[in-house]
Amino acid sequence: MMFQEVWNPVIIGLFLWFAGIAGMGSVAYALMKLGKVEEKTKELSCVVFASIVLALVFVVADLSRPLNMPLAIIRSVLSGTFFYKLSTSWMTIGISLLSILLLLALLVLLRETVAKGLQKIVDAKWYLVLTGFVGFMVVIYSGFLIADAPGVPFWNNSLIPVLWILSASICAIAVLKILVHKPEVSNFLTKSGLAVDIAEAVALASLLNVSLYSGVEAARRSAEALVAGELAAAFWLLVVLVGVAVPMVLGFMLLRKEDRRLALLAAACALVGALALRILVLQAGIFLELSL
């Protein structure tokens, strides 16, 4: 069985993982500030900024000639090609969104750490709404980037962006579970995490079911590789057991009584599962065979 070799699953998987944390982390930051919840917003701003920087590092690292990228972007902007590509290329849209989120996250980080004078701008409602919107669009873009990839039927599925949003939301909730200590906030995160966990499990099962029975050979072989093939051990252990089942079981236990150690374990498992999900979905991609 020949899996795709266009994208390195580990490098692009890490890019998607960090982009998801940065994107939905920005949404969480905006919602917390708008809701007047100030606990750990400084730490969350550090996580969001570090995540967007690392996302950019990994997406550039997968390019064949990464050092040529800045010059290529400058030439593209000067020639006007860049602006035309904004209406036709998810890659160009993604670079724009990641760059905007990088700038927004940097100002948030400075406001939370060394430049309190930025408070009037960063704490303004329009800025928080913009930050949350761009963060959400970064997650959406990363889903469409995969779903729009030509020639890999397993990825050409509208469930991929949905799965990416749900998984990124789980990552953001896991990061917050690690950061916050107030029992009432932690309990709210536990309930939210459980709801998203269930939705992710349904979306993942739907993606596999559609691929197995869609009638497209390459999509069926990709799904079979995850369910019962070469990638099955990693899929069932890391994605299903560690990433979905364990956090759900711990979530139901935490509903009865919040426990810091169990909450940290559930958060760590959710983050590991989200990373494994991205790597394995990318690894399982098989190109559509062309008949001549």
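**Exercise 1. Describe the lining of the largest cavity by class, and then locate that cavity among the helices.**

Solution. Step one is the class count: the lining of the largest cavity has 11 nonpolar, 3 polar and 2 charged residues, where Ala, Val, Leu, Ile, Met, Phe, Trp, Tyr, Cys and Pro count as nonpolar, Asp, Glu, Lys and Arg as charged, and the others, Gly among them, as polar. The model is predicted, so that local features need pLDDT of at least 70 and side-chain atom pairs count only at pLDDT 80 or more, while totals for chains, interfaces and linings use all residues. Residues are numbered from 1 along each chain as its sequence is written, and side-chain values use heavy atoms, with hydrogens and water left out.

Step two is the volume, about 170 Å³ for the largest cavity; a cavity is a set of points, on a 1 Å grid over the protein atoms alone, where a 1.4 Å probe fits but cannot get out, and lining residues have an atom within 4 Å of a point. Of the 16 lining residues, Ile173, Lys177, Gly193, Asp197 and Ala266 are the closest to the centre of this cavity.

Step three assigns the lining to helices, which are DSSP runs (H or I, at least four residues) numbered from the N terminus. At least two lining residues come from each of H8 (159-179), H9 (183-213), H11 (232-256) and H12 (260-283), and the largest share, 5 residues, belongs to H9.

**Exercise 2. Work out which elements line the largest pocket, and characterise Ser96 in helix H5.**

Solution. A pocket is an open set of grid points with protein on both sides within 12 Å along at least five of seven lines. The largest pocket has a volume of about 420 Å³, and Leu63, Met69, Ala72, Ile73 and Ile95 lie nearest its centre among the 20 residues of its lining. Helices H2 (41-61), H3 (69-79), H4 (81-85) and H5 (90-112) each give two or more residues to that lining, with the largest share, 5 residues, coming from H5. By class, the lining comprises 12 nonpolar, 6 polar and 2 charged residues.

Turning to Ser96, which is found in H5, its relative accessible area is 17%, so the residue is buried (under 20% relative accessible area, with a 1.4 Å probe and protein chains only). Leaving out residues up to four places away in sequence, Ser96 touches Phe82 and Leu86, contact meaning heavy atoms within 4.5 Å.

**Exercise 3. Identify the residues that touch the most other members of the largest nonpolar core, and follow the contacts of Trp17.**

Solution. A nonpolar core is a set of buried Ala, Val, Leu, Ile, Met, Phe, Trp, Tyr and Cys residues joined through side-chain atoms within 4.5 Å. The largest such core holds 77 residues, and those touching the most other members are Phe15, Trp17, Leu44, Phe154 and Trp155. Helix H1 (residues 9-34) gives the most to this core, namely 13 residues. Once neighbours within four places in sequence are set aside, Trp17 is in contact with Cys171, Leu271, Ala274, Leu275 and Arg278.

**Exercise 4. Describe the second largest pocket through its volume, its lining and the helices that supply it.**

Solution. The volume of the second largest pocket is about 330 Å³, and of its 16 lining residues the closest to the centre are Ala28, Leu31, Leu176, Phe188 and Leu189. Helices H1, H8 and H9 each supply at least two residues of this lining, which has 14 nonpolar, 2 polar and no charged residues.

How values were computed. Grid points are joined across faces, edges and corners, and a volume is the space filled by probe spheres set on the points. Buried means under 20% relative accessible area, exposed over 50%, partly exposed in between (1.4 Å probe, protein chains only).
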